[in-house]
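Here are some exercises to work through with the model open beside you. Try each task before you read its solution.

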Amino acid sequence: MLTVQLGVGIEEAFVRLRAYSYAHGRRLAEVAADVVARRLRFTPDPDVDRSVPDDA
């Protein structure tokens, strides 16, 4: 779900999920459950240009 919401790969989606969990003092499983239940939605970072690969 996060890969679609954020327009990123699985690794980046997991990093964002973990970062949110840590920043909000919540267990990773709780945050993931909220995403799956659609109680929490992530938005893409507006400052990142996704049209250019990171290694370009």
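**Exercise 1.** Which backbone atom lies 2.4 Å from a polar atom of the side chain of Ser21?

*Solution.* Before you start, note that this is a predicted model, where local features need pLDDT of at least 70 and side-chain atom pairs count only at pLDDT 80 or more, while totals for chains, interfaces and linings use all residues. Residues are numbered from 1 along each chain as its sequence is written, and side-chain values use heavy atoms, with hydrogens and water left out.

Step 1: find Ser21 in helix α2; helices are DSSP runs of H or I with at least four residues, strands are runs of E with at least two, and both are numbered from the N terminus.
Step 2: look around its side chain, and you reach the backbone oxygen of Arg26, 2.4 Å from a polar atom there. A polar contact is a pair of N or O atoms within 3.5 Å; within protein, one must be able to donate a hydrogen and the other to accept it, and residues adjacent in sequence count only if both atoms are side-chain atoms.
Step 3: check the cover. Ser21 has a relative accessible area of 6%, so it is buried (buried is under 20%, exposed over 50%, partly exposed in between, with a 1.4 Å probe and protein chains only).
Step 4: list the contacts (heavy atoms within 4.5 Å). Setting aside neighbours within four places in sequence, Ser21 is in contact with Arg26, Arg27, Leu28 and Val31.

**Exercise 2.** Follow Arg26 and find which side chain makes a polar contact with its own side chain.

*Solution.* Step 1: locate Arg26 in the loop between α2 and α3.
Step 2: trace its side chain to that of Asp34, where the polar contact spans 2.6 Å.
Step 3: add the other partners. Not counting residues up to four places away in sequence, Arg26 touches Tyr20, Ser21, Val31 and Asp34.
Step 4: classify Arg26, which is partly exposed because its relative accessible area is 27%.

**Exercise 3.** Describe how α2 and α3 pack.

*Solution.* Step 1: recall that two packed helices are described by the angle between their axes and the distance between the axes.
Step 2: for α2 (residues 10–23) and α3 (residues 28–36), the angle is about 115° and the axes are 9 Å apart. Axes are lines fitted to C-alpha atoms, for helices over the stretch in contact, and angles run from 0 to 180 degrees between N-to-C directions.
Step 3: collect the residues that meet: Phe14, Leu17, Arg18, Tyr20 and Ser21 from α2, with Leu28, Val31, Ala32 and Val35 from α3.
Step 4: sort the residues of this contact into seven nonpolar, one polar and one charged. Here Ala, Val, Leu, Ile, Met, Phe, Trp, Tyr, Cys and Pro count as nonpolar, Asp, Glu, Lys and Arg as charged, and the others, Gly among them, as polar.

**Exercise 4.** Is Gln5 buried or exposed, and which residues does Gln5 touch?

*Solution.* Step 1: find Gln5 in helix α1 (residues 2–6).
Step 2: its relative accessibility is 10%, so Gln5 counts as buried.
Step 3: a polar atom of its side chain lies 2.8 Å from the backbone nitrogen of Phe42.
Step 4: beyond four places in sequence, Gln5 touches Val35, Leu40, Arg41, Phe42 and Pro44.

**Exercise 5.** What is phi of Arg38?

*Solution.* Step 1: go to the segment after α3, where Arg38 lies.
Step 2: read phi as near 65°, a positive value in a residue other than glycine. Most residues other than glycine have a negative phi.
Step 3: at a relative accessible area of 71%, Arg38 is exposed.
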